Amino acid sequence: MLNSKKYYNIIARDYDLLSRERMNYLNVIDNIIISDNKNKKIKNYLDIGSGDGRRSLKIINSLEPLNSTLVDDSQKMLEQIKSKPNLTVLNNSFFEIETEVKFELMTCLWNVIGHIDTNSQRKQFFQIVDKLLDSNGVFYLDVNNRYNISHYGYSNVMKNLEMDVLYPSESNGEFYIGEGDKKTKVYIHNPFDLGKYVNDLNLEIEKTWFINYKTGEIKETFFEGQLLCKIIKK
Ligand SMILES: C[S@@+](CC[C@H](N)C(=O)[O-])C[C@H]1O[C@@H](n2cnc3c(N)ncnc32)[C@H](O)[C@@H]1O
């Protein structure tokens, strides 16, 4: 079993192909973020777990923030980013971000926080977000959703629900991605987990979208999609 950093260093060259398989889903999220923030003056933008930077650069080119920072702990993923004025690329874990800058726009896209190991570290992640987000700032993140019947199927979701009701445990969200010797652990959230991380902080979930993982259609219920959350200061 590989840790996230090793896993992404190994698959970095094929990452573009993997992204293409989910392009409808990824594009809809990029479009929501871009249309939500059009005409806003953004001084500082931060993309957490930027990977190859393809989506960060799309957002940067559309919204033209004055300064942008991308952070990812996989060197091989970051090597694919072409340098650009006013762009800082940091090769470290998001747990190690050290800055006094406050960000008006922050993103963390495609189940990046699924690579965090424990609930207490997930809470620590949101404390960092709380510290970095400007008082008028907005933070978007999407996570995979273990109650998504449209993607994982009825019987798997019923099992997930049963586990959460009868045997609530942090390990209920632990799954694996990859094949053969290229495998890593991921956490797949349920729709109620995220609220628990932010409740004690100065953050609130302003809106959640349910997005079909295949077509990118925006759906009505959490049984029909992955979760995109827009988080602001209380
Ligand atoms: C599924 S990829 C998403 C990449 C990009 N956001 C996108 O949408 O294409 C997850 C990314 O999170 C990064 N990541 C995982 N844990 C991290 C950590 N602790 N610090 C920084 N980056 C991390 C991985 O290296 C990988 O590039």
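Strand β1 (residues 44–48) and strand β2 (residues 67–71) run parallel and are joined by five bridges. Helices (H or I, at least four residues) and strands (E, at least two) are DSSP runs, numbered from the N terminus, and two strands pair if DSSP finds at least two bridges between them. The model is a predicted one, in which local features need pLDDT of at least 70 and side-chain atom pairs count only at pLDDT 80 or more, whereas totals for chains, interfaces and linings use all residues. Residues are numbered from 1 along each chain as its sequence is written.

Within the pairing of β1 with β2, Asn 44 has Asn 67 as its bridge partner. Together with helix α4 (residues 54–63), β1 and β2 make a right-handed β-α-β unit; a crossover is right-handed if, with the strands pointing away from the viewer, the path from the first strand over the helix to the second runs clockwise. Strand β1 also pairs with strand β4 (residues 103–108), in the parallel sense and over three bridges. Here Tyr 45 is matched with Leu 105 of β4. Four of the five residues of β1 are buried, so this strand is largely enclosed by the rest of the structure. A residue is buried if 20 or more other C-beta atoms lie within 10 Å of its own, exposed if 12 or fewer, and partly exposed in between, with C-beta atoms placed from the backbone.

These strands belong to an open sheet of eight strands with mixed pairing, in the order β3-β2-β1-β4-β5-β10-β8-β9. Its edge strands are β3 (87–90) and β9 (218–219), each of which pairs on one side only. Strands of a sheet pair through backbone hydrogen bonds, either parallel or antiparallel. The antiparallel sense is found between β5 and strand β10 (residues 226–233), which are joined by six bridges, and Cys 229 of β10 is the bridge partner of Leu 141.

The largest nonpolar core (a set of buried Ala, Val, Leu, Ile, Met, Phe, Trp, Tyr and Cys residues joined through C-beta atoms within 7 Å) has 39 residues, of which Ile 29, Ile 48, Phe 103, Met 106, Cys 108, Phe 139 and Leu 141 touch the most other members. Strand β5 (residues 133–143) gives the most to this core, with six residues. With neighbours within four places in sequence left aside, Phe 103 is in contact (C-beta atoms, placed from the backbone, within 7 Å) with Asn 44, Tyr 45, Leu 46, Leu 132, Leu 133, Asp 134 and Gly 137.

Glu 100 lies in the loop between β3 and β4 and is exposed, because only 6 other C-beta atoms are within 10 Å. Its C-alpha atom is separated by 7.7 Å from that of Leu 132, 32 residues apart along the chain.

The ligand has 19 residues around it, and Tyr 8, Gly 49, Gly 51, Ser 74 and Trp 110 come nearest; a residue is near a molecule or strand if its C-beta atom, placed from the backbone, lies within 6 Å of it. This shell divides into seven nonpolar, nine polar and three charged residues. Ala, Val, Leu, Ile, Met, Phe, Trp, Tyr, Cys and Pro count as nonpolar, Asp, Glu, Lys and Arg as charged, and the others, Gly among them, as polar.

Trp 110 is found in the loop between β4 and α6 (119–132), and Asn 111 has its place in the loop between β4 and α6. Most residues other than glycine have a negative phi. The phi of Trp 110, however, is near 75°, and that of Asn 111 is about 55°. Trp 110 counts as buried, with 20 C-beta neighbours inside 10 Å, and Asn 111 counts as buried with 20 such neighbours.

Definitions and conventions: Contact = placed C-beta atoms within 7 Å.
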